[in-house]
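Trainee: Could you take me through the inside of this protein? I'd like a close look at the cysteines first, and then at whatever is packed around in there.

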Amino acid sequence: MHKLYLKLVALLFLTLASCQQQGKQHKIVAENTTNASTKQIVDSMSIDLLALQQEGKLKNTHLVTVQDDPVYHSIKRYQAVALSKLLSSYTAIKTIDPKNYQIVFECEDGYKPMMPLQKIMDSKAYVAVSDIDAPKGQLWSEIIKDGHEMKAAPFYLIYEAVPANETDYKWPYNLVKIQLVNNSLNIALIAPKDDPKAQAGFDLFDKNCVTCHAINKIGGTMGPELNYPKSVTEYWKKDQLKKFIQHPASFRNDVKMPTLTNITPRDIDQIFYYLEYMSYHKI
């Protein structure tokens, strides 16, 4: 009887251990499935161009001629892939409304321009993978901007039939990633909601500054964050900051920030007003 009791206890222990192990396995499978599903959702809104290149998915290119290239200031020819093809192949663009999204271009140097997704979908945009006019043995011609030599590689966003002086279109070079971001997670977080004057300043900031500078962690990282944790208006004197925005090189040697020749003193006043507004709307 005692031996039978011991066998029953042992059988019960083995059964419980087996159930516990199966429960762990189910939990691991569930976690892995959840993680994979989450990763798929995140990845469906972004494109890692370097990863695609390493996988050999950017080889099917064709010749694109840009009549007035705003970076090289000449007629240029490139081997390129249509941006619309990349978006339809590697993002969930077919399942979203482009009017509710921004497209963000991330460059190696921290430059991060963005555009309304619908606007770029209505254009003939391409991701250039090489410069046909580059010197022999090179993939890209050198870029000289404000006396600085800039890196074009690995990719450059170009267009057909977009004038070089059309500043609503972004031409990022040194491009590595593309991301689709809902307006509610991007523009809406840094746009004024109750002040028309601040809205005017934001429109100018969005057009001229956000590609290099972030507000509340939204924007480029080439230049410093301007609002969090401390607003630039809290540690710069107003008149000095406005002069710096107008002519950065008069304040700092070898400054990366370009002279914004397309904005007026009144524009700078409006940008400053927006920055002051945002100092009361931090994350």
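Mentor: Let's start with disulfides: a search of the whole structure, which is a predicted model, turns up zero of them. Why do the cysteines stay unpaired? A disulfide needs two cysteine sulfur atoms within 2.5 Å. For Cys107, the closest cysteine sulfur sits in Cys212, 9.3 Å away, so that is too far for a bond. Cys209 also has its closest cysteine sulfur in Cys212, here at 8.6 Å, and again that's too far for a bond. Both are tucked away from the surface: Cys107 is buried at 5% relative accessible area, and Cys209 counts as buried at 9%.

Now for the packing. In general, nonpolar side chains in soluble globular proteins tend to be buried together. Here the largest nonpolar core has 46 residues, and Leu83, Ile103, Ile120, Tyr156 and Ile158 touch the most other members. Take Ile120: leaving out residues up to four places away in sequence, Ile120 touches Leu83, Ile103, Phe105, Met115, Ala125, Leu157 and Tyr159. Apart from that core lies another one, of 27 residues, including Ala198, Val210, Ile245 and Phe272.

What about empty space? The count comes to one cavity of 30 Å³ or more, and the volume of the largest cavity is about 30 Å³. Its lining is made up of Val104, Glu106, Lys112, Lys177, Ile178 and Gln179. Strands β4 (101–107) and β10 (173–182) each supply at least two of the lining residues, with β10 giving the most, three. By class, that lining has three charged residues, two nonpolar and one polar.

Methods: Residues are numbered from 1 along each chain as its sequence is written. This is a predicted model: local features need pLDDT of at least 70, side-chain atom pairs count only at pLDDT 80 or more; totals for chains, interfaces and linings use all residues. Side-chain values use heavy atoms; hydrogens and water are left out. Buried means under 20% relative accessible area, exposed over 50%, partly exposed in between (1.4 Å probe, protein chains only). A nonpolar core is a set of buried Ala, Val, Leu, Ile, Met, Phe, Trp, Tyr and Cys residues joined through side-chain atoms within 4.5 Å. Contact means heavy atoms within 4.5 Å. On a 1 Å grid over the protein atoms alone, a cavity is a set of points where a 1.4 Å probe fits but cannot get out, and a pocket is an open set with protein on both sides within 12 Å along at least five of seven lines; lining residues have an atom within 4 Å of a point. Grid points are joined across faces, edges and corners, and a volume is the space filled by probe spheres set on the points. Helices (H or I, at least four residues) and strands (E, at least two) are DSSP runs, numbered from the N terminus. Ala, Val, Leu, Ile, Met, Phe, Trp, Tyr, Cys and Pro count as nonpolar, Asp, Glu, Lys and Arg as charged, and the others, Gly among them, as polar.
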